Amino acid sequence: MKEKITNIKQDLESKLTDITKLSELMDLKIIYLGKKGLIAELMTALSTLSTEEKREYGSIINQFKAQVTALFEDKISELKGKEEEEKIKKETIDVTMPGVEFQVGGIHPLNKIIDEIEELFISMGYDIASGPEIELDLYNFEKLNLPKGHPARDAQDSFYITDEVLLRTQTSPVQARVMDANQEKGPIRIICPGKVYRRDDDDATHSHQFTQIEGLVIDEGINISHLKGTLEVFAKKMFGEEREIRFRPSFFPFTEPSLEVDVSCFKCGGKGCPLCKNTGWIEILGSGMVHPNVLTNCGYDPEKYTGFAFGMGPERIAMLKYGISDIRQFYTNDMRFLNDFNRIDGGDNNESK
Ligand code: DAH
């Protein structure tokens, strides 16, 4: 028995010196001190001895067990210390390492243009209005002086959901909604940016979904010079102080007279170039004086109130301003395009730069 104990001890001591991993040490501890371990085996072997021997060896084995336990405890704390040290070494931060550059998103070019236009009109006392993209035929067409069967409806190929409900083809229905909702039937000054939908085939200048910004001013004594003054401020802000505008007669069912608005070419200054197709002028939006039928349809007295309205496409404005040749670039989220655009604008939204 004595010999056996000595062997076990020697064996353990040599094994302990070899062990470097805490997990291996814990496995070894089970082999020695576990329920069915070597020490437990020694205890079981006691039963075969005489009473005298039992007493003697019982105390020897107990002492031995205490020794083994102490050996393991020492080794455990030694290895734990080492592992901790290594962990600290590994986790040391090298403050001289270059940082990781995160890609920070910028404001989408279209939203930038819309924000810029909103800001300008807010500074002139306008409110921002909005309306639903799933719209009633009543607002999208009827109240805007486009009754069912009106030929001008064909110019805006529509996505109908039912006979009376469609995806709005223009932001003009917001005009009718705002006039309708105005209980006092008093003055209005709003712009409404939003998405619109048309059954167009997508190409470089068409998209089945695009954005528009609508403007509406209603008050007593509003006339065409107010419209011209307002749009002149807009054109100068968007395309440069030297810009002039001109009106061309046009037709929209909801305005009378209807006017197409051109801005003097900001590329050639009006001399003629490919951008303005040698005319010196670039078309930027549609506008006009609100048709008396629209005022009546929305509860306003056309004898008392007059107003002007305009509608523009922010995509077109951005394409002209930044020389973008394909409208689809606004919707495909190509990072090269978006980053380029941020750079044009000074990259003020890209904080990683
Ligand atoms: N809604 C028209 C369109 O989509 C644009 C427009 C033209 C809006 C003249 C107006 C306006 O308010 O007065 O083609």
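This passage describes the surroundings of Arg243 and the strands that follow this residue in a predicted model. Residues are numbered from 1 along each chain as its sequence is written, and side-chain values use heavy atoms, with hydrogens and water left out. Because the model is predicted, local features need pLDDT of at least 70 and side-chain atom pairs count only at pLDDT 80 or more, whereas totals for chains, interfaces and linings use all residues.

Arg243 is located in the loop between α8 (224–239) and β7 (245–252), where helices (H or I, at least four residues) and strands (E, at least two) are DSSP runs numbered from the N terminus. With a relative accessible area of 7%, Arg243 is buried, a term that denotes under 20% relative accessible area, as against over 50% for exposed and in between for partly exposed (1.4 Å probe, protein chains only). The side chain of Arg243 reaches the backbone oxygen of Phe239 at 3.2 Å. Residues up to four places away in sequence not being counted, Arg243 touches Ala235, Lys236, Val263, Ser264, Cys265, Phe266 and Gly269, contact meaning heavy atoms within 4.5 Å.

Strand β8 (residues 255–264) is mostly covered, since eight of its ten residues are buried. β7 and β8 form a hairpin with two residues between them, and these strands pair in the antiparallel sense over seven bridges, pairing being assigned if DSSP finds at least two bridges between two strands. Within this arrangement, Arg248 stands opposite Glu260 in β8. β8 also pairs in the antiparallel sense with strand β9 (residues 281–290), over eight bridges, and Glu260 stands opposite Gly286 in β9.

How values were computed
Polar contact = N/O pair within 3.5 Å; in protein donor to acceptor, adjacent residues only side chain to side chain.
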